[in-house]
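Here is a walk through one protein chain, starting from the inside and working outwards. Keep the viewer open while you read.

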Amino acid sequence: MKLRFLSFLAAAALIVGLPPAAPAAPMASTAATVHIVNFKFVPATLTVAPGTTVTFINDDQEPHTVTATNHSFDSEGLDTNQKWARAFGKAGTFAYFCEMHPYMHGIVTVKAAQ
Ligand SMILES: [Cu+2]
(Lines give C-alpha, C1' and ligand atoms only; values in the text may rest on other atoms or scores of the structure.)
Protein backbone atom coordinates (compact mmCIF):
# COMPACT_ATOMS: atom_id res chain seq x y z
CA MET A 1 0.00 0.00 0.00
CA LYS A 2 2.71 2.41 0.99
CA LEU A 3 4.62 1.63 -2.18
CA ARG A 4 1.59 2.37 -4.30
CA PHE A 5 1.13 5.70 -2.51
CA LEU A 6 4.76 6.60 -3.17
CA SER A 7 4.30 5.72 -6.81
CA PHE A 8 1.31 8.01 -6.91
CA LEU A 9 3.36 10.79 -5.36
CA ALA A 10 6.13 10.26 -7.87
CA ALA A 11 3.67 10.37 -10.75
CA ALA A 12 2.05 13.51 -9.34
CA ALA A 13 5.45 15.12 -8.97
CA LEU A 14 6.17 14.39 -12.59
CA ILE A 15 2.96 16.08 -13.61
CA VAL A 16 2.96 19.15 -11.40
CA GLY A 17 6.56 19.19 -10.31
CA LEU A 18 9.61 20.75 -11.76
CA PRO A 19 9.44 21.81 -15.35
CA PRO A 20 10.94 19.23 -17.62
CA ALA A 21 14.46 19.83 -18.75
CA ALA A 22 14.52 22.15 -21.71
CA PRO A 23 14.63 20.22 -24.94
CA ALA A 24 17.97 20.40 -26.64
CA ALA A 25 17.56 23.48 -28.77
CA PRO A 26 19.52 23.50 -31.98
CA MET A 27 22.70 25.39 -31.30
CA ALA A 28 22.59 28.75 -33.03
CA SER A 29 25.87 29.03 -34.78
CA THR A 30 27.76 32.11 -33.70
CA ALA A 31 30.48 31.86 -36.28
CA ALA A 32 30.52 31.48 -40.02
CA THR A 33 33.11 31.69 -42.74
CA VAL A 34 33.06 33.08 -46.25
CA HIS A 35 35.94 32.24 -48.54
CA ILE A 36 37.03 34.37 -51.44
CA VAL A 37 37.90 31.96 -54.22
CA ASN A 38 38.41 32.59 -57.95
CA PHE A 39 36.99 36.10 -57.68
CA LYS A 40 33.84 34.92 -55.92
CA PHE A 41 32.53 35.04 -52.38
CA VAL A 42 31.75 31.47 -51.31
CA PRO A 43 29.02 31.18 -50.25
CA ALA A 44 27.76 34.32 -51.95
CA THR A 45 24.62 34.28 -49.85
CA LEU A 46 24.80 33.44 -46.18
CA THR A 47 22.09 33.48 -43.52
CA VAL A 48 23.18 33.71 -39.90
CA ALA A 49 21.68 34.34 -36.48
CA PRO A 50 22.07 37.75 -34.87
CA GLY A 51 25.40 38.04 -33.11
CA THR A 52 27.23 35.82 -35.55
CA THR A 53 30.79 36.71 -36.40
CA VAL A 54 31.51 36.12 -40.06
CA THR A 55 35.13 35.61 -41.03
CA PHE A 56 36.12 36.33 -44.61
CA ILE A 57 39.24 34.59 -45.89
CA ASN A 58 40.96 35.51 -49.11
CA ASP A 59 42.08 32.27 -50.75
CA ASP A 60 43.00 34.01 -54.01
CA GLN A 61 46.37 35.17 -55.20
CA GLU A 62 44.81 38.59 -55.79
CA PRO A 63 43.86 41.12 -53.13
CA HIS A 64 40.16 41.65 -52.46
CA THR A 65 37.99 43.69 -50.14
CA VAL A 66 34.75 43.01 -48.30
CA THR A 67 32.95 46.32 -48.59
CA ALA A 68 29.34 46.98 -47.68
CA THR A 69 27.32 48.31 -50.58
CA ASN A 70 26.22 51.13 -48.27
CA HIS A 71 29.80 51.42 -46.95
CA SER A 72 28.76 50.58 -43.38
CA PHE A 73 31.77 48.27 -43.22
CA ASP A 74 34.95 47.79 -45.19
CA SER A 75 37.68 45.23 -44.74
CA GLU A 76 40.20 47.27 -46.73
CA GLY A 77 42.49 45.19 -48.93
CA LEU A 78 42.89 41.55 -47.97
CA ASP A 79 46.02 39.83 -49.20
CA THR A 80 46.31 36.13 -49.92
CA ASN A 81 45.28 34.07 -46.87
CA GLN A 82 44.40 37.19 -44.94
CA LYS A 83 41.28 37.06 -42.76
CA TRP A 84 38.84 39.73 -41.75
CA ALA A 85 35.96 39.25 -39.32
CA ARG A 86 32.83 41.23 -38.59
CA ALA A 87 30.13 40.60 -35.99
CA PHE A 88 26.59 40.96 -37.33
CA GLY A 89 24.58 41.97 -34.29
CA LYS A 90 21.28 43.04 -35.75
CA ALA A 91 18.84 41.45 -38.11
CA GLY A 92 18.96 42.74 -41.64
CA THR A 93 20.32 42.17 -45.10
CA PHE A 94 23.87 43.25 -45.70
CA ALA A 95 25.01 43.40 -49.29
CA TYR A 96 28.69 43.75 -49.99
CA PHE A 97 31.12 43.69 -52.87
CA CYS A 98 34.81 43.87 -53.65
CA GLU A 99 36.02 47.39 -54.33
CA MET A 100 38.77 46.11 -56.59
CA HIS A 101 36.43 43.88 -58.59
CA PRO A 102 32.97 45.45 -58.29
CA TYR A 103 31.36 42.52 -60.08
CA MET A 104 32.08 40.41 -56.99
CA HIS A 105 28.99 40.46 -54.80
CA GLY A 106 27.80 38.78 -51.64
CA ILE A 107 24.95 39.05 -49.15
CA VAL A 108 24.82 38.29 -45.46
CA THR A 109 21.28 37.94 -44.14
CA VAL A 110 20.98 38.15 -40.37
CA LYS A 111 17.77 36.58 -39.13
CA ALA A 112 16.62 35.37 -35.74
CA ALA A 113 15.67 31.69 -35.61
CA GLN A 114 11.93 31.07 -35.46
CU1 LIG B 1 38.21 41.37 -55.53
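## The nonpolar core

In this predicted model, the largest nonpolar core is made of twelve residues: V34, I36, F41, V54, F56, V66, L78, W84, F88, F94, Y96 and V108. Strands β1, β4 (52-58), β6 and β7 (92-97) each put at least two residues into this core.

L78 is one of the core members, and its contacts are worth pulling up. Leaving out residues up to four places away in sequence, L78 touches N58, P63, H64, T65 and W84. W84 from that list is also in the core.

## Overall layout

How many helices and strands does the protein chain have? The count is one helix and eight strands. Reading from the N terminus, the order is α-β-β-β-β-β-β-β-β, so the helix comes ahead of the strands.

Of the 114 residues in the protein chain, 16% count as buried. If you look at contacts with a separation of 6 or more, residues 24 or more positions apart account for 45% of them.

## The sheet built around β1 and β4

One open sheet has four strands in the order β2-β1-β4-β6, with mixed pairing. Its edge strands are β2 (40-42) and β6 (83-88), each pairing on one side only. From one strand to the next, the twist averages 25 degrees.

Now go across it strand by strand. β1 (residues 31-37) and β2 run antiparallel and are joined by three bridges; V37 sits opposite K40 in β2. On to the next pair: β1 and β4 are parallel, with six bridges, and here I36 faces N58 in β4. That same N58 is among the residues L78 touches. Finally, β4 and β6 are antiparallel and share six bridges, with V54 standing opposite R86 in β6. Both I36 and V54 belong to the core described above.

## The sheet with β3 and β5 at its edges

The other four-stranded arrangement is also an open sheet with mixed pairing, in the order β3-β8-β7-β5. Which strands pair on one side only? Those are the edge strands, β3 (45-48) and β5 (67-68).

β3 and β8 (residues 105-110) pair in the parallel sense over four bridges, and the bridge partner of T45 in β8 is I107. V108, a core residue, falls within the residue range of β8.

## A closer look at A68

A68 lies in strand β5, one of the edge strands of its sheet. Is A68 buried, exposed or partly exposed? It counts as partly exposed, because it has 15 C-beta neighbours inside 10 Å, and being buried would take 20 or more.

Setting aside residues up to four places away in sequence, A68 touches F73, D74, F94 and Y96. F94 and Y96 are core residues. A68 and F97 are 29 residues apart in sequence, yet their C-alpha atoms are 6.4 Å apart in space.

## How far to trust it

The mean pLDDT of the protein chain is 86, and 75% of its residues reach 70 or more. The stretch to watch is residues 8-15, where the pLDDT is below 50. Beyond near neighbours in sequence, that stretch has zero contacts in the model.

How values were computed
Residues are numbered from 1 along each chain as its sequence is written. This is a predicted model: local features need pLDDT of at least 70, side-chain atom pairs count only at pLDDT 80 or more; totals for chains, interfaces and linings use all residues. Two strands pair if DSSP finds at least two bridges between them. Axes are lines fitted to C-alpha atoms, for helices over the stretch in contact, and angles run from 0 to 180 degrees between N-to-C directions. Two residues are in contact if their C-beta atoms, placed from the backbone, lie within 7 Å. A nonpolar core is a set of buried Ala, Val, Leu, Ile, Met, Phe, Trp, Tyr and Cys residues joined through C-beta atoms within 7 Å. pLDDT is the predictor's confidence in each residue, from 0 to 100.
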